[in-house]
Amino acid sequence: MHIPFIDFAPSHAPLKQEAMRLFSEFYDENVFVLGQRVADFEQAFAQYTGAAHCVGVGNGLDALTIALKVLGVGRGHEVILPSNAYIAALLAVSAVGARPVLVEPFSDTFNIDYQRIEEKITPQTRAIIPVHLFGQSAAMQPLTDIATLHQLWVIEDNAQAHGATWAERRTGSWGHLNATSFYPTKNLGAFGDAGALTTGSAQWAEQARLYRNYGSRERFVNEVQGLNSRLDSLQAAFLSLKIKHLDHWTQLRQQAAAQYAEQLAGLPELQLPVCAPQATHVFHLYVVRHPRRDELQHFLQQKGIQTAIHYPTPPHLQAAYKDLGFGKGAFPIAEQMAATSLSLPMFAGITPEQIAYVCDMIRRFSQDN
């Protein structure tokens with residue numbers, strides 16, 4: 001049996017006819033960037049997250065960068081973020097001239113350990129970027145309490161957690177400005193690159209719209225040094241179609257995760273995902289940990305099962321961030337996660353039979369090794 005790591009067909013096939021109709025309408029409208037379709041999706045995604053405003057942009061990295069710019073974070077400032085985050089979060093901080101300050105995650109949930117944040121706050125600290133990693137909400141109430149106490153901005157990185165909650169409140173509605181990606185593999189994915197910001201502030205939303213469009217409200221009049229990061233109308237149309245199905249797809253992912261958990265329970269050395277009591281998990285990824293991760297991955301590959309590693313090298317050990325001055329051992333939790341984490345096949349529509357085969361093969365590996 002061949003099990004792909006991700007398969008778009010189960011979720012995309014039922015939408016094909018409607019997607020083709022939307023493309024035909026888009027083709028005849030001749031409105032290719034921004035426009036009413038973007039405005040409609042912005043309204044739909046704001047309503048979905050519980051935020052008052054949404055601003056569509058070109059991708060998730062631009063969303064983070066624009067959020068920092070709007071909040072005035074720049075040269076000489078510091079931004080706190082998790083040591084095991086994908087490098088995009090650090091790149092956004094660097095793009096505005098600020099310095100990333102890394103904090104270790106909880107070893108079970110993969111999300112930033114808010115109990116370690118205050119020791120990293122300095123007079124230069126301006127913001128915290130909690131990353132809702134793999135689909136589980138970070139501990140947003142304790143985090144925002146710390147930020148409020150120290151007068152810091154909170155910018156959620158919500159790229160992997162569309163629809164997740166902390167204390168029954170959805171991600172993307174907690175921070176001052178929040179960034180997300182609609183890269184095709186995300187739970188709500190476009191048919192290309194796309195991103196957005198959400199916020200409760202009309203003023204910040206307007207500033208974000210300014211930054212996404214060359215710093216211009218009026219053509220050829222540039223108020224700030226902006227970006228060219230505008231959401232395509234076609235992607236907005238597809239996202240408006242897909243968001244109607246997102247909750248159903250989330251239920252399918254959660255059912256798949258429950259089956260994994262039941263069938264993999266009790267295996268020696270295998271650590272399964274843990275969800276914090278006040279959080280929900282939408283399982284963008286199903287990440288297990290194993291001390292012989294590479295052997296397990298190779299074994300599964302031989303059995304026709306595709307897996308992935310998120311992420312093999314933590315940011316502080318990337319050549320791009322050698323200027324931070326960290327060597328191996330600086331962030332042991334992040335490094336241990338990088339060495340032991342394995343993402344199993346997970347997508348909306350993965351079948352019980354496919355999951356059972358994956359679990360059977362993992363049990364066989366455990367028995368034979």
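Visitor: How many disulfides does a search of the whole structure find?
Guide: Welcome! This is a predicted model, and its whole structure was searched for disulfides. A disulfide is a covalent bond between the sulfur atoms of two cysteines. The number found here is zero.

Visitor: Which cysteine has the sulfur closest to that of C359, and why is there no bond?
Guide: A disulfide calls for two cysteine sulfur atoms within 2.5 Å. The closest cysteine sulfur to that of C359 is 19 Å away, so the two are too far apart for a bond. That closest sulfur belongs to C275.

Visitor: Is C359 buried or exposed?
Guide: A residue counts as buried when its relative accessible area is under 20%. For C359 the relative accessible area is 0%, so this cysteine is buried.

Visitor: How many residues of strand β8 are buried?
Guide: Let's look at both faces of β8. L177, A179 and S181 are buried on one side, while N178 and T180 are buried on the other. The strand is therefore largely enclosed by the rest of the structure, and its count of buried residues is five of the five.

Visitor: Which residue of β9 is the bridge partner of T180?
Guide: Strands β8 and β9 pair in the antiparallel sense, over five bridges. Within β9, the partner of T180 is A196.

Visitor: Where does K186 lie, and is K186 buried or exposed?
Guide: An unreviewed UniProt entry lists K186 under "active site". K186 lies in the loop between β8 and β9. Its contacts beyond four places in sequence are A159, Q160, H162, S181 and H284. With a relative accessibility of 16%, K186 counts as buried.

Terms used
Residues numbered from 1 in each chain as written. Predicted model: local features only at pLDDT ≥ 70, side-chain atom pairs only at ≥ 80, totals over all residues. Heavy atoms only, no water. Buried < 20%, exposed > 50% of the residue type's maximum accessible area, 1.4 Å probe, protein only. Helix = DSSP H or I, 4+ residues; strand = E, 2+ residues; numbered from the N terminus. Pairing = 2+ DSSP bridges. UniProt positions renumbered as here; feature names shortened; annotations may be inferred. Contact = heavy atoms within 4.5 Å.
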